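Here are my notes on this one, as numbered points. Have the structure open beside you while you go through them.

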Amino acid sequence: MAGRFDPLNRTAVRGGRTDVPPGRGGTAGAGAVQRRWTPDGPVDLGLTLGPLRRGPADPTFRTTPDGSVWRATRTPDGPATLRVSRTGPGTGTGTEIDAEAWGAGAAWLLDHLPALLGADDDPAVFVPRHRLVHASHRRRPGLRLTRTGLVLESLIPTVLEQKVTADEAYRAWRRLVRQYGEPAPGPHGLNLHVMPDPRTWAMIPSWDWHRAGVDAKRSDTIVRAVRVANRLEEAAAMDLPEAARRLEAVPGIGPWTSAETLQRSNGHPDAVTTGDLHLPGIIGYALAGDRDADDAAMLELLAPYAGQRHRAARLVLLAGRTPPRRTPRMYRSDIGRL
């Protein structure tokens, strides 16, 4: 329904909009562990799982014409592939979610399926305070905030996105996951890959980081993070301030990176992103006509949503309202060609 009203532009995609074709899934795959889960309210698979997708060719994420969402991940029990689809009509009440999983981490993924699909999220407490936010909220009753419970799988691609264009970061993620990850368990027709384990990330040679277009500052940050991977994964069970402090203890990880990571791993509705090049201007323009808003102005506009500022920011992004462009797009570089 949202697509009838709001543009599918880069801003909406950043808000987590991933269109899932209409459908009710298919038959169970060979060797799959299965689970059926009935949520207590509407769940839109595309909106809920969309933030986990890192670009249209993410090797760890797929949508298929039968209405399924697939993701390959590395759980505490090992690599696994998850497929989720709905069995009821639309995204409304009464929809059931069918899930199948393959691999050593299949049971872990199915145990955490409700949290992944927003069972820990309570959208009913959100009260829109702006007309645009109200309209965006009303059009998306199935928006839930995902909670993966996995820190590193969100942290590493977020570090790759530091101070470069999204296209550059997505290209680096694709290349590194396909080169150093492993084929995902289960059906192989989708060519899904599981991201490398911490030791493999730490062993990537400098020239391959360079070929992937990743500068030394970002690669060094990832290497420092994977060396304390177990300590960082503990942040998934922490409150937001404590979790942010744990992540930001690693040199190279600041408030922007920790917020973007914890939005996915912890599903916290108040993990608002600061230090972003574009977000303050988008929020400022959409809510107050101020395209030059800075972090302070953005936080002031979001103050009425205290406790729910991340959800409010996502709803603004999903509305797709952006200030008219007055400068060229950020230059796309590729240090791998140097």
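1. Let's start at Leu232. Setting aside residues within four places in sequence, Leu232 is in contact with Val151, Leu152, Leu155, Ala225, Arg246, Leu247 and Val250 (contact here means heavy atoms within 4.5 Å). Before going on, a word on ground rules: this is a predicted model, in which local features need pLDDT of at least 70 and side-chain atom pairs count only at pLDDT 80 or more, while totals for chains, interfaces and linings use all residues. Residues are numbered from 1 along each chain as its sequence is written, and side-chain values use heavy atoms, with hydrogens and water left out.

2. Where does Leu232 belong? The largest nonpolar core has 33 residues, and Leu232 is listed among those with the most contacts inside it, along with Leu152, Ile156, Trp201, Trp209 and Ile222. A nonpolar core is a set of buried Ala, Val, Leu, Ile, Met, Phe, Trp, Tyr and Cys residues joined through side-chain atoms within 4.5 Å; buried means under 20% relative accessible area, exposed over 50%, and partly exposed in between, with a 1.4 Å probe and protein chains only. Elements giving two or more residues to this core are α6, α7 (166-180), α10 (216-227), α11 (229-233) and α12 (240-248), and the largest share, 5 residues, comes from α6. Helices (H or I, at least four residues) and strands (E, at least two) are DSSP runs, numbered from the N terminus. Another core, of 22 residues, lies apart from this one, with Val43, Ala99, Ala101 and Leu150 among its members.

3. Helix α6 (residues 152-160) also holds a polar residue worth a look, Thr158. Thr158 counts as buried because its relative accessibility is 0%. What does its side chain reach? The Thr158 side chain makes a polar contact with the side chain of Arg54 at 3.3 Å, and it gets to the backbone oxygen of Ser154 at 2.6 Å. (A polar contact is a pair of N or O atoms within 3.5 Å; within protein, one must be able to donate a hydrogen and the other to accept it, and residues adjacent in sequence count only if both atoms are side-chain atoms.) Beyond its neighbours within four places in sequence, Thr158 is in contact with Arg54, Trp256, Thr257, Glu260 and Thr261.

4. Now for two threonines in loops. Thr146 sits in the loop between α5 (131-138) and α6, and is buried with a relative accessible area of 3%. Its side chain reaches the backbone oxygen of Leu116 at 2.6 Å. Not counting residues up to four places away in sequence, Thr146 touches Thr48, Leu49, Leu52, Ala115, Leu116, Gln263, Arg264 and Gly267. Thr18 is in the loop between α1 (10-14) and β1 (33-37); it is buried too, at 9% relative accessible area. With the same sequence neighbours left out, Thr18 touches Gly46, Leu47, Gly50, Arg53, Phe61 and Thr63.

5. On to the sheet. It is open, with 5 strands in the order β1-β5-β4-β3-β2 and antiparallel pairing (two strands pair if DSSP finds at least two bridges between them). β1 and β2 (61-63) each have a single partner strand, so one side of each edge strand has no neighbour in the sheet. Between β2 and β3, which run antiparallel, there are 3 bridges; Phe61 has Arg71 in β3 as its bridge partner.

6. Last, the aromatics: how many pairs turn up in the whole structure? The search finds 4 aromatic pairs. Rings of Phe, Tyr and Trp (its six-membered ring) pair if their centres lie within 6.5 Å; planes under 30 degrees apart count as stacked, over 60 as edge-to-face and the rest as tilted. Trp70 and Trp102 are stacked, with ring centres 5.6 Å apart and planes at 15 degrees. Trp70 is in strand β3 (residues 69-75) and Trp102 in strand β5 (residues 97-102), so this pair ties together parts 32 residues apart in sequence. Trp70 is buried at 9%, and Trp102 at 5%.

7. Trp173 and Trp201 are stacked as well, with centres 6.3 Å apart and planes at 15 degrees. This pair links helix α7, home of Trp173, to helix α8 (residues 198-203), home of Trp201, across 28 residues. Both are buried, and ring pairs link Trp173, Trp201 and Trp209 into a cluster.
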